[in-house]
Amino acid sequence: MAQEGNSNRGLKGSFMNEHYHPKPIERRWQDYWKNNKIFEAREDPSREKYYLLEMFPYPSGKIHMGHVRNYTIGDVVARYKSMRGFNVLHPMGWDAFGMPAENAAIANNTHPARWTYENIDFMRRQLKSMGFSYDWDRELATCRPEYYRWEQWLFLKMYERGMVYRKESEVNWCETCQTVLANEQVEQGLCWRCGKEVGSKKLKQWFFKITDYADDLLEHSDKLLPGWPEKVVTMQKNWIGKSIGARILFPLADRDFSIEVFTTRQDTVFGATFMVLAPEHPLVPELSRGTAQEGEVARFVERMARQDKALRTAEDYEKEGVFVGAYCINPMSGRRMPVYTANFALMDYGTGAVMSVPTHDQRDFEFAKKYGLDLVVVIDRPDDSLDAAAMTEAYTEDGVLVNSAPFDGMGNRDAMEAIADHLEKNGIGSRSVQFRLRDWGISRQRYWGAPIPMVHCPACGVVPVREEDLPVVLPEDADLLPGGKSPLTALESFMKTSCPACGSEDARRETDTMDTFVESSWYFERYCSPHYHQGMFDTRAVDYWMPVDQYIGGVEHAILHLLYSRYFTRVLKDVGLVKFKEPFTRLLTQGMVCKETMKCATHGFLFPEEAQGSGNERTCVKCGGPVEIGRMEKMSKSKKNVVDPARLLEQYGADTVRLFCLFASPPERDLEWNEQGVDGASRFLNRVWRMTHQRLAEVSGVDAYEGSPEALKGDSRELYRKTHDTIRRVSTDIEDRFHFNTAVSAIMELVNEIYARENVLKASRGREILKKAMETVVVLLAPIVPHMAEELWEALGHEPGIAHAPWPEFRQDALATRTLTIVVQVNGKLRSRLTVDADTDEESIKDHALEDPQVKRFIEGKTLRKVIYVPGKLVNVVV
RNA sequence: GCCUGGGUGGCGGAACCGGUAGACGCAAGGGACUUAAAAUCCCUUGGGGCUAGUCCUCGUGCGGGUUCGAGCCCCGCCCCAGGCACCA
């Protein structure tokens, strides 16, 4: 600490021993926060709440830079709001079910539960060492029965309301491993484990009827999510994919029933020249039966069934199909249309049947050309007519109807309505809306997930578990089977149960577990009362805290997790548990953390520590060969361009890591990792540390100046002005824009100013002004580098606890300057600057500008046309 | 192909309502301190030019336009990233 006698020495170099050591400081304050329950949140109706939430992590082993960035951003906002007087809820927990636990268990011969809980313990310690302001008493893990029992409870409620149903659905199936594969376990159509080709298999699976809410979710996307990034809203809208059109019945030529199609282009119905059915369409075998096509059709359908889904949706997938041997009649044109089945028709969209209009749909056009089918133009360009025979692509623009009997000459937009009316009036079709969104398949043939609370009884069929029998506990004594097949099916103690309806002892439990997205669709509500055992949550707590005011996470969850959460919240509302529809008022999607990749010709990708040297001259530590520097990419283990937060924490401390994450780029953009930048952040903190300690003796016992700037002059006035301007800038940067990088810049500028205004101590009130500036630096840094801020706050003579210190307000009157710099332009080009008193009127500023020698040079001999004055900013002389 | 973002010094990035382009940091160079180094503190740093200034000129992906004035607005392109993509 500074000694009295040091005060009259120069500021520079007198306290060389004052060095910043983050480790003990961080330990000390983390203990302080914990012991004093500084971040414990309690409902308090007299205070305005602020619920800040970051997407909870999957406990994969240890935290990575993506977590560090995400949680640092959230922590700054939480701490800032807390200093602003809000009652802040800032919880943390674990998205603890999922496949990696099973994989690790098989690979390391441990149990998924053990692996998961050990990871949680390790990662919790890591998060604590970052100094995040979580209320750890609210921690939850979704794999615990006391969590998922309420999920099972809600499942039963949804089942009662018809929100849950079972249907046949395809899964990826590996014959060799005898197991179901998730999409991410299928690599280019091959099983990730054995490398054999993946097929598909039909299983009866559970679904949530999210499509019931498609319209509602879509509508609110626009109206009620103003605090969401437009990008995310658009992605959700596309995902829901509402299409407005019509259903039309096409009678079969020789039978007395019809094929129903969905189309968005009923205006082109007269141009429909053939029909396409999905290979899975029930009419395909029926129509081909007994025809010459029967064998070929059966072979085609069989081949499509075996084909991998990933392949079928591949980019340059060749359109192919076969004639099924039957014809239908176009109800509008009367044309006899051959019926085909083709790979591109999907059974689960619309009706699984497509009326094909090759002249006005590119896909139909290609198919027709390939199989020599007829083309009839029904929409002409407004100015010239199309010749079907000469077309090289479909005409999909607007135009005028032709070859459409009573509708000829009508604009196609009008014809849409007119034809829809005609269809409805004649009972051959109706207006219809389709969504791209499918129901949410939640069944997973996996062990490490929440059991679906259903029982299969030979007598009663599928029966829900009784509410009082919940939870259906996932047995932890299961042995994992090689290949990943769920061990539940082999576990007699789990499988065997009695029927809740008839009591039969022959009943079997459902062995499917729920998709982990189910757990993450309501955890934010559970946080409000995590220890509540009478229901999913205490509605009073939820009424107080929800909705989440600010949600922060990666853009990779922009669609599924967020859409499912919005859906679940609607379900909870319908069940009567919550009063709102939208769980997240504001959303911030932060960018990825990136780093350049490094590759050695013999050793492939290299970890950063496996290359030595700098710049483009790096060599491989294993073989000394040259290292090729690749482009910036998202940090990933497979590319080895990763930085382990644990190492950084060890080397620099949490505050430096936090500072760098915030300073390097604004949160929504990608962050390019740069070790020298981390050094820079560390250097700045050292500078702040020194700045404070070197001046401590000067300001100890002095109260920070809080008065009017009236009496201040020179350096005092300037430093005071800069101090308040910094408060203003940092507040708006954090509050309105989450631009922490510019907030940090502003604080850096203030620190630079303190160094530059050494003479302030000679002025009257100098010490008080200096103290105010120094305190401001510390208090503004508090949400960003909380440990150092606490330490310096105490050193400056305050009681511990900057976390709850009030955020400073800026004084408008302190921002004013005595003089203004007015820029003078001639014809828009900068020519001179004027320094004038702040109260100088417009006329005299203009006069000054015209008399300025620099300006005169450029207006001499020219006609003065106009003089524009922007108050306090500039004069533009137009000649 | 469609929908979003984005393109600014050697680099990360600033520029808030159309008004001084390049804040802040990194890197680089120079100086001070030191026996020396590290650390620290100070200075310089977009390109070009000359008469060396309180100077001129070019410059925010490219080409046009609106305006007294455009990185920012409008029209037409190019490139990069992300998302969707046989959805009838």
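Which residue takes a positive phi in the hairpin of β32 and β33? Keep that question in mind as you browse these close-ups of a predicted model.

**Figure 1. A hairpin joins strands β32 and β33.** Here is the reply to our opening question: Asn827 takes the positive phi, near 50°, in a hairpin with two residues between its strands. The strands themselves, β32 (residues 819-826) and β33 (residues 829-837), run antiparallel and pair over eight bridges. To follow one of these bridges, find Thr821 and look across to its partner in β33, Thr835.

**Figure 2. Three strands make an open sheet.** Reading across the sheet, the order is β9-β8-β16, and the pairing is antiparallel. Both β9 (258-263) and β16 (429-435) are edge strands with a single partner each, so one side of each has no neighbour in the sheet. From one strand to the next, the twist averages 30°. Strand β8 (residues 242-251) pairs with β16 through seven bridges. You can spot Lys242 opposite Phe435 of β16. As a reminder, strands of a sheet pair through backbone hydrogen bonds, either parallel or antiparallel.

**Figure 3. Helix α12 packs on the sheet.** This helix (residues 412-425) touches β8 and β16, and its direction makes about 120° with that of β16. Which residues of α12 are buried? They are Asn412, Ala415, Met416, Ala418, Ile419, Ala420 and Leu423. An α-helix has 3.6 residues a turn, so residues three or four places apart point the same way. The cover over the buried residues of α12 includes β8, β14 (379-380), β15 (400-401) and β16. You can also check the helix with a ruler: at 1.5 Å a residue, the 14 residues of α12 should span 20 Å, and the 19 Å between its end C-alpha atoms agrees with that. After the helix comes Gly427, with a positive phi near 65°.

**Figure 4. Helix α2 is largely enclosed by the rest of the structure.** Why can we say so? Because 18 of its 19 residues are buried. The ruler check works here too: the 19 residues of α2 should span 27 Å at 1.5 Å a residue, and its end C-alpha atoms are 27 Å apart, which agrees. Just after α2, look for Gly85 and its positive phi of about 100°.

**Figure 5. Tyr71 pairs with Phe132 and with Tyr134.** The ring centres of Tyr71 and Phe132 are 6.3 Å apart and the planes stand at 85°, so this pair is edge-to-face. Tyr71 belongs to helix α2 (residues 65-83), whereas Phe132 is in the loop between α4 (112-129) and α5 (145-160), 61 residues apart. Both Tyr71 and Phe132 are buried. For Tyr71 and Tyr134, the centres are 6.5 Å apart and the planes are at 85°, so that pair is edge-to-face as well. Tyr134 is in the loop between α4 and α5, 63 residues from Tyr71, and both of these tyrosines are buried.

**Figure 6. Aromatic rings gather in a cluster, and charges sit over rings.** One aromatic cluster includes Phe155, Tyr159, Trp206, Phe208 and Trp440 among its members. The count of aromatic pairs comes to 45. Elsewhere, Arg566 lies over the face of Trp228, at 5.8 Å from the ring centre. Finally, look for Arg687, whose charged end sits over the ring of Tyr755, 4.1 Å from its centre.

Conventions:
Residues are numbered from 1 along each chain as its sequence is written. Chains are lettered from A and ligands numbered from 1 in the order in which they are written. This is a predicted model: local features need pLDDT of at least 70, side-chain atom pairs count only at pLDDT 80 or more; totals for chains, interfaces and linings use all residues. Side-chain values use heavy atoms; hydrogens and water are left out. Two strands pair if DSSP finds at least two bridges between them. Helices (H or I, at least four residues) and strands (E, at least two) are DSSP runs, numbered from the N terminus. Axes are lines fitted to C-alpha atoms, for helices over the stretch in contact, and angles run from 0 to 180 degrees between N-to-C directions. Contact means heavy atoms within 4.5 Å. Rings of Phe, Tyr and Trp (its six-membered ring) pair if their centres lie within 6.5 Å; planes under 30 degrees apart count as stacked, over 60 as edge-to-face and the rest as tilted. Buried means under 20% relative accessible area, exposed over 50%, partly exposed in between (1.4 Å probe, protein chains only). A charge sits over a ring if NZ of Lys or CZ of Arg is within 6 Å of the ring centre and within 35 degrees of the ring normal. The expected span of a helix is 1.5 Å times one less than its number of residues.
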